[in-house]
Amino acid sequence: MKSYRIATLGSHSALQILKGAKDEGFETIAICEKGRVQPYEHFKVADRIIELDSMKDLPKVVKDLKKENAIIIPHATFINVFDQKVIEKLDINYFGNRKILNWEADREKQREWLKKAGLTLPKIFKNPEDIDGPVIIKFFGARGGKGFFLAKSAEEFYKKIEEHHGTKYIIQEYVVGAPMYIHYFYSAINDEVEVMSFDKRYESNVDSIGRIAAKDQLDLGLDTSYNITGNVPVVVRESLLPEIFKMGEGVISASKKLEKHGLIGPFSLETVITPELKFYVFEISARIVAGTNPFINGSPYTALRYKEPMSTGRRIAREIKNAIEKNQLDKVLL
Ligand code: AMP
């Protein structure tokens, strides 16, 4: 085990991933953009820092990383910086199943996956003329919700879409309820889905609009935006847990039908729970999400299951450690 190192790009959930790896006894490498090194130095999570002019230069240091027996842990920044095809070809140990990324990146394929998993999804409107209630317009690519807007008629949609000329979007039914982001971990070694934690997001400006009176909101002509600035931990109503386990297990068994070996490691379902306590799932992230960051020291759920503080980042390192000990690394690096 001592011969392996855990590496990740210095952004998103790297502090958690690297700290978790150190707690499990691995040496760690942070790959940072010039000028963005300070957090990784200051919090002492990296045994080595590689500085690049741009994240896009990662392929230039892949040989070096391979020599050090580095295992790269993907997160949203990694997936945004590199095309699917580049990731598939990177000659490096990669935690998880790269093939599943295809199913996350394409919104149509994502829907197919979630439906196969037996989940309830918000309706999609192909034709703006069909809008018959509140909808949210989302742009492609994980841009963190920036610019997403609401509409309730075709007329309003056309007016608001003008300033986003040429950008790819979808029109989705807006489900009024409580947002709940569920963090899971699927262990390919134990063949088990674990519930790690929950969060909700802290978004600008939507989470501050309620601080001013409705009249002022109208007078100021405010539009909502959903640009993410942070994450807030949540503990879920306990009676919802059986359903939550069932949803996670459905996602894993569907993933195995879509792609050999299916999804491996952490994933998240983005949901809204209606007043009738029905889950609408509007997105899946097939990797660690930043919503796990409040739980570097473990969550209430990992505290039930583990003796030590178990973050999702540490759980990844634990999985790699278990795989090494059982000589089953090929089950988790795909
Ligand atoms: P996303 O970037 O897809 O996670 O969405 C950004 C924000 O929009 C989050 O705060 C979600 O809670 C909210 N949201 C996204 N889709 C829906 C939906 N279909 N109904 C209600 N809220 C949504």
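A polar contact here is a pair of N or O atoms within 3.5 Å; within protein, one must be able to donate a hydrogen and the other to accept it, and residues adjacent in sequence count only if both atoms are side-chain atoms. Keep that in mind for the ligand stop.

This is a predicted model: local features need pLDDT of at least 70, side-chain atom pairs count only at pLDDT 80 or more, and totals for chains, interfaces and linings use all residues. Residues are numbered from 1 along each chain as its sequence is written, and side-chain values use heavy atoms, with hydrogens and water left out.

**Stop 1: the domains.** Colour domain 1 (5-94), domain 2 (104-120 + 176-201 + 231-325) and domain 3 (124-173). These bounds come from an automatic or database domain assignment. The centres of domain 1 and domain 3, taken over C-alpha atoms, are 35 Å apart.

**Stop 2: the ligand.** Select the residues around the ligand, meaning those with a heavy atom within 4 Å of it. There are 18, and the closest are K138, Q172, V175, E203 and E270. Domain 2 and domain 3 each give at least three residues to this shell. Ten shell residues are nonpolar, two polar and six charged. (Ala, Val, Leu, Ile, Met, Phe, Trp, Tyr, Cys and Pro count as nonpolar, Asp, Glu, Lys and Arg as charged, and the others, Gly among them, as polar.)

Now show three contacts:

- Q172: a polar side-chain atom sits 2.9 Å from a ligand nitrogen atom.
- V175: a backbone N or O atom sits 2.8 Å from a ligand nitrogen atom.
- E270: a polar side-chain atom sits 2.7 Å from a ligand oxygen atom.

On its own, the ligand has 470 Å² of accessible area, and the protein covers 95% of that. Areas come from the Shrake-Rupley method with a 1.4 Å probe; for residues, only the protein chains shown count as cover.

**Stop 3: the sheet.** Switch to cartoon. Helices (H or I, at least four residues) and strands (E, at least two) are DSSP runs, numbered from the N terminus. Two strands pair if DSSP finds at least two bridges between them. Find the open sheet of five strands, β11-β10-β9-β12-β13, with antiparallel pairing. Its edge strands are β11 (226-234) and β13, each pairing on one side only.

**Stop 4: along β10.** Select β9 (178-187) and β10 (192-205); each supplies at least two residues of the ligand shell. They pair over seven bridges. F185 faces E194 in β10, and Y184 stands opposite V195. Four residues lie between the strands in this hairpin, where D191 takes a positive phi near 50 degrees.

On to β11, which pairs with β10 over eight bridges. Here E203 stands opposite I228. E203 is also among the closest residues to the ligand.
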